[in-house]
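Biologist: I am new to this structure and should like to understand its side-chain contacts and strands. Would you kindly take my questions in turn?

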Amino acid sequence: MGRQYESIEELRRKKKLLQGEISDLENLLTFKNTKESLSAFTNGLSDQYLQEKIDEDGDEKVVLRKDVIAKQLTSEVKDLLINKNTAVGIASSAFKGGNITDSLVKLGVTAIVGNYAKKNMKSSNWKKKLIGAALIYLAPIALKYVRKKMEVYQKNKSVSSMEQLI
């Protein structure tokens with residue numbers, strides 16, 4: 001049933017590797033480094049928008065990088081205005097769906113869910129800890145489901161608007 005090991009030393013090395021991996025995952029799930037934890041939950045999407053700062057009390061805080069968000073927003077608006085002059089540009093923007101809006105919504109939802117899960121995980125109440133753990137594991141699955149449904153809706157709406165143009 002299980003894998004046969006050649007020696008007890010090989011088994012001990014494997015055990016030590018697995019314990020290291022479990023320790024890394026525990027550190028990630030306990031939000032000891034908030035930016036790293038959010039990066040893992042968002043598959044790196046939030047990295048460019050978040051920055052770690054130290055406040056007056058000496059505590060590390062994760063803040064939004066407004067300059068990066070503003071640059072991305074202005075470039076998307078500029079591209080949208082440039083492409084709006086042609087019929088092909090209008091059609092392509094309808095299919096594109098505005099990546100900046102999607103990114104901002106994803107970032108906002110991630111921040112809200114992450115902060116709520118962090119507060120619940122730090123609570124002494126076991127029920128709140130259970131809710132926090134459930135959020136950590138179930139929120140990404142629920143968000144992917146909602147995103148897929150929204151993409152299908154957006155695709156259908158784009159097709160119907162294209163039919164009206166034709």
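Modeller: The questions and answers below concern a predicted model.

Biologist: How many salt bridges does a search of the whole structure find?

Modeller: Side chains of opposite charge can pair when their charged atoms come close. A salt bridge is counted here when a side-chain nitrogen of Lys or Arg is within 4 Å of a carboxyl oxygen of Asp or Glu. Searching the whole structure on that basis gives a total of three.

Biologist: Which residue meets Arg-12 in a salt bridge?

Modeller: The partner lies, like Arg-12, in helix H1, three residues away, or about one turn of the helix. The partner's relative accessibility is 44%, so it counts as partly exposed. The N to O distance of the pair is 3.2 Å, and the residue that meets Arg-12 is Glu-9.

Biologist: Is Arg-65, which meets Asp-67 in a salt bridge, buried or exposed, or in between?

Modeller: The side chains of Arg-65 and Asp-67 meet with an N to O distance of 3.9 Å. Asp-67 has a relative accessible area of 44% and is therefore partly exposed. For Arg-65 the relative accessible area is 28%, and since buried means under 20% and exposed over 50%, Arg-65 is partly exposed.

Biologist: What separates Glu-151 and Arg-147 along helix H6?

Modeller: These two residues form a salt bridge, and their closest N and O atoms are 3.8 Å apart. Glu-151 is partly exposed at 45%, and Arg-147 is partly exposed at 39%. Helix H6 spans residues 126-165, and because Glu-151 and Arg-147 are four residues apart in it, their separation is about one helical turn.

Biologist: Which residues make the nonpolar surface patch of about 250 Å²?

Modeller: One member of the patch belongs to helix H1, which covers residues 8-29. That member is Ile-8. The patch is made by Ile-8 together with two others, the full set being Tyr-5, Ile-8 and Leu-11.

Biologist: How many bridges join strand S1 to strand S2?

Modeller: Strand S1 holds residues 50-54 and strand S2 holds residues 60-64, and the two run antiparallel. As one instance of the pairing, Leu-50 stands opposite Leu-64 in S2. The number of bridges joining the strands is five.

Biologist: Which residue in the hairpin of S1 and S2 takes a positive phi?

Modeller: The hairpin has five residues between its strands. The phi in question is near 90°, and the residue that takes it is Gly-58.

Methods: Residues numbered from 1 in each chain as written. Predicted model: local features only at pLDDT ≥ 70, side-chain atom pairs only at ≥ 80, totals over all residues. Heavy atoms only, no water. Patch = residues over 30% accessible without salt bridge, like charges linked within 9 Å, V, L, I, M, F, W, Y side chains within 5 Å. Areas by Shrake-Rupley, 256 points an atom, 1.4 Å probe, with all protein chains shown as cover. Buried < 20%, exposed > 50% of the residue type's maximum accessible area, 1.4 Å probe, protein only. Pairing = 2+ DSSP bridges.
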